[in-house]
Amino acid sequence: MSNSEWNDPEANVLPETVEKLAAQDEIPKTSNRKRVVVVGLGMVGISFIEKLMKLDVRRREYDIIVIGEEPHLAYNRVGLTSFFQHRQVENLYLNPASWYASMPEGSLNYHLNTLVTSIDTEKKSVETSQGQTVPYDLLVLATGSDAVVPRHTPGHDAKGVFVYRTIEDLQKLIEFSATKEGTTGAVVGGGLLGLEAAKAMMDLEKFKQVKLIERNRWVLSRQLDGDAGNMVVEQVRTLGLDVLLSKRVGRINTDADNCVSGVVFEDGEKMECSCICFAIGIKARDELARKSGIQCADRGGGIVIKPDLSTSAPDVYAIGECASWESQTFGLIAPGIEMADVLAFNLTQAKAHAPRTFKSPDLSTKLKLLGVEVASFGDFFADRDGPRDLPAASRGRKKEGTTGAEDRMKGLTQGPPPSPVKALTYKDPFQQIYKKYLFTMDGKYLLGGMMIGDTKDYVKLVPMVKNKKALDVPPSEFIIGASKGDDDGDDLEDDTQICSCHNVLKGDVVRAVKDGTCKSIGDVKSCTKAGTGCGGCMPLVQTIFNKTMASMGNEVKNHLCPHFEYSRADLFNIIYVKKLQSFQEIMKECGKDPNSLGCEACKPTIGSIIASLFNKHIIDGERRGLQDTNDRFLGNIQRNGTFSVIPRVSGGEITADKLIVIGTVAKKFDLYCKITGGQRIDMFGAKKQDLPAIWRELIDGGMESGHAYAKSLRTVKSCVGTTWCRFGIGDSVGMAVRLEERYKSIRGPHKFKGGVSGCVRECAEAQNKDFGLIATEKGFNIFVGGNGGAKPRHSELLAKDVPPDDVVPILDRYLSFYIRTADKLQRTARWMENLPGGIKYLREVVLEDKLGICADLEKQMEDLVGSFFCEWTEVLNSPERLKLFSQFANTDETLDGIDKVEERGQHRSAHWPKDSATEDFRGKEWSSLSWQPLAKSDQFTDSATGSSLAVKRGDTQLAIFKVKGKYYATQQMCPHKRSFVLSDGLIGDDVTTDKLWVSCPNHKRNYELKGDDAGKCGNDETVNIATFPVEAREDGLVYLKLPPVEELDGLLGTARWKVRKEETESTNPFEKLDKKLATMKGRKGVHASHLVDGLGAPGKAEAILAGGERGANGMDW
């Protein structure tokens, strides 16, 4: 099972998830939660906590208390060796302290440097060394293991004897080595941990020589056979490590101060050394459980667990290295993480799903030790010990007439039978590569194997063993085809494990990249934890990431689109320097073809750049043809072709008068109202033709455009600060209003948002905004580069204790620099992540004027701010602009393409249809065609970006386009979601292939407008559209060649394709939940009053609008 599927990606973003749920009041506030006490804050303990928190965050059934013996938060024990380089414990933390603190209140508490001394399983409590009694409902023991010290060996307690297990062990070794510079250090034990310890001692660069003492004839004897182990010995010796084989320490010699002076081996040979680190194995820490009467294994130790990980004591579980499963303990991290996964799942999901059980874990390992690639997988000792489990098809049948007694007799007289496996071995002493793969006798199944030097086939072979699938190639191909350069991951299935430390699958990485969660290799590591263990999988992870990005069309070249060989930032600078203000000028100066129309990718970007530099009205002339539908009609288009209306509410501050204006407008035009996350009011369902009338009333009431449709400043959110709050130390509302008023209408590469908090309690959430301010005693701390959304990012501190007067210049520079240098559709968060030098470089540019452009940046912003105008006010003052908002160019009649549905007292549009309209519109053979005048030539503009409008004939909606003097006509409906919107789409072309298309504004389906492919969809072959001949005549009219009205309506009529509520609203996804809520005490209707004779929301509003309440004259405010 994938860690990332069940836990890691969501666990990593738990703080953001918690914040979002808290903001939406979706975290349950129940008080009858169970207390889970976790003893042990190691890698397995924190893994369990992460998984349980992730699965329980929306339930809040548990509160967790974790007690750790060490003084540190959970750290990466696999990466312990790196401590010698950075010496910073925090660099090894699996989660920062802020992660723990960000959990819901009371859900996670931890005690460090605290030893649990006893468990009372009857009273269900634990005692600590500090005298605390901690009660539990559920107890999880994750006490791990101790390094074994040979206490029978004389001198084992001498000064200079160490183990390699914890941060404290390493710190002691570092301190001691500084006093023994130039002497010999020794490591006893040639296993995984021994080689790690040897590398650590070498990295200290204090010892003149480091020697590894191994009792067997080769190292890594638990993972490798003699040939492989000896090859590792050869390689590590060349790296400077002296390896002594077949040696057992008989005695440790000491001097008069009981300091290590050397060792005497059992064969009598002596060796001088000043320091010995034992890495000869681990012992499960089960002493706490034994003392408390919990059953432990007599042989090998460990707390005995059942398949569900429970122990002999009720409500007590054990996971990780302290647990004994079927008389086995595991010294690897992967089985412990699997145990944590199983237990967390069962505690949270078993009510609705079958409980999971812990099964035989995969002990495959792939590591890099002292620079040597080592891997073992599957049943890697099947040739030596016999196979643990043969595939059913390879077990064979017992020969007739033989008995078990006969088999036993043959074993006594002829020796044991040969193991029923065959080994295929490859050994290259020149490149130090060794491979041994074990197969069934018939060569049809791979059982396991080991690899040295070249381990890239590991990720392919492990699933072959796990799945027990018959091989479709002869075994020899596993060797012959093994060396083909770096693996590109193409032939790996999505369920192939690519990171064994954290059980991450190829599909986890691919999905995280494709859904936009991860846009850098750092994102992949953070989101999936791939590569954060030993790091051996990183080359493959990097390759999979690169391949996936390439498959999505993300090229290394950062060109805007096929029409321009420039990035957005390059294009911005060219337009800025040359003062290019029209699309034609820009295409001539910068485009690959000066006569091209551009496309749906470059047009909005160029429109945004022009607006960012010159701030002209975006719907005038050719600029209108550059805009997506939102900017074209100054409103956010919704799924039914209507628009949302959001007036500006600067800083979230609004008067009762303006609320009345908004309310009356919403009632008059039957608009659905919703409070936005940015502290303003959104009104949905406005028809295109009603937008001017709606905005006339809002603007008449003192309001203005909120630019919610634009890639521009949205809002500057605020708390009440010193205006009302008793904790406030800064006027957050006043600052937020001023900042929003300054930057309103400023367009950028993407939308940007601000926030201002009046104190460190941070109620405005300023630290997840593109820019945010938090009041301090000395002014404001300014944070930048944060955002919420699909991939949240905490902002970074740009400047500290900034006086209020200095806030605006700093933000002017920051925003201008972002607008100049960001990529297309790049939020400030991603821009910051990709900015060379990051926040340090940004400080140098914005605060220290490293590039000498601060004055220019401020002037650029000042010019923009000085050119502000309300776009809707300008529309209302222009009869020509108002014409653009008609539904049809040839009639004032209107048509609706989707039903309305009443919900909680308001109307919304019906849901999207599940399936597209797959009828062959373009292949329709009409009975006859005749020319019909449907528009006027002067309704179109001769714009370099194209011109379009919609017309109505009968019940059919049609779209007409004028491009470079030629006309084209299609149906108005996009078949993908049956939306009547094509005339509002962007027009694009490819001069090299002579293609011309219109891009649907909803989901960017591109339909060909001319040639033999007219009507085809270039990026969705399941849909197509009808096209019609069209021409402009000398009488000033534009004619379409159409079939009879009845025939046209029969195929394309609005009534036929209108989305009906009966079609999409047949089921209620909340039916069960609604039944449950209906029985809750104190519930009322959404709009009803709790008062016995209360009017309720509709009645109260009616009374007010009628001029009085309950008989009073006028509005009794």
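How many of the 1117 residues of the chain count as buried, as a percentage? The answer is 53%, where buried means under 20% relative accessible area, exposed means over 50%, and partly exposed covers what falls in between (1.4 Å probe, protein chains only).

Before we look around, a word on the model. This is a predicted model, in which local features need pLDDT of at least 70 and side-chain atom pairs count only at pLDDT 80 or more, while totals for chains, interfaces and linings use all residues. Residues are numbered from 1 along each chain as its sequence is written, and side-chain values use heavy atoms, with hydrogens and water left out.

**The whole chain**

Taken along the principal axes, the C-alpha atoms fill a box of roughly 115 × 70 × 65 Å. The chain has 36 helices and 50 strands; these are DSSP runs numbered from the N terminus, with helices (H or I) of at least four residues and strands (E) of at least two. The chain exposes about 51600 Å², and carbon and sulfur atoms supply 49% of that area. Such areas come from the Shrake-Rupley method with a 1.4 Å probe, and for residues only the protein chains shown count as cover. Among contacts (heavy atoms within 4.5 Å) with a separation of 6 or more, 64% join residues 24 or more positions apart.

**Inside the fold**

In soluble globular proteins, nonpolar side chains tend to be buried together. A nonpolar core here is a set of buried Ala, Val, Leu, Ile, Met, Phe, Trp, Tyr and Cys residues joined through side-chain atoms within 4.5 Å. The largest such core has 64 residues, and Phe48, Ile49, Leu141 and Ile319 have the most contacts inside it. Apart from it lies another core, of 60 residues, including Ile610, Leu626, Leu713 and Val865. Back at Phe48, leaving out residues up to four places away in sequence, this residue touches Val36, Val38, Val140, Ile319, Ala340, Leu343, Ala344 and Leu347.

Leu80 is a nice example from a loop, the one between strand S2 (62–67) and helix H5 (83–86). Leu80 counts as buried, with 3% relative accessibility. Setting aside neighbours within four places in sequence, the contacts of Leu80 include Tyr75, Leu92, Tyr164 and Thr166. The C-alpha atoms of Leu80 and Thr166 are separated by 8.0 Å, although these residues are 86 apart along the chain.

**Helices with a buried side**

Helix H29 (residues 854–866) has 13 residues and reaches 18 Å from its first C-alpha to its last, close to the 18 Å expected at 1.5 Å a residue; the expected span is 1.5 Å times one less than the number of residues. Its buried residues are Cys854, Leu857, Gln860, Met861, Leu864 and Val865. Seen down the axis of H29, they fall within an arc of 130 degrees, so they line one face of the helix; the arc is that of the directions from the helix axis to the C-beta atoms. The face of H29 turned away from its buried side carries the exposed residues Ala855 and Gly866. Among the elements covering the buried residues of H29 are H19, helix H21 (602–614) and helix H25 (732–743).

In helix H3 (residues 14–23), Leu14, Pro15, Thr17, Val18 and Leu21 are buried. They cover an arc of only 160 degrees around the axis, which puts them on the same side of H3. The face turned away from that side carries the exposed residues Lys20 and Ala23.

Helix H14 (residues 458–467) is mostly covered, with seven of its 10 residues buried.

**Positive phi angles**

Most residues other than glycine have a negative phi. Here are some residues with a positive value.

| Residue | Phi | Place |
|---|---|---|
| Asp25 | about 55 degrees | just after H3 |
| Lys468 | near 50 degrees | follows H14 |
| Lys579 | near 55 degrees | loop between H19 (568–578) and H20 (583–590) |
| Asp801 | near 50 degrees | strand S36 (796–802) |

Lys579 is partly exposed, with a relative accessible area of 49%, and Asp801 is also partly exposed, at 24%.

**Cysteines**

How many disulfides are there? Counting a disulfide as a pair of cysteine sulfur atoms within 2.5 Å, the total is zero. For Cys602, the nearest cysteine sulfur is that of Cys561, 3.7 Å away. Cys602 is buried, at 0% relative accessibility. For Cys725, the nearest cysteine sulfur is that of Cys759, 5.8 Å away, and Cys725 is partly exposed at 31% relative accessibility.
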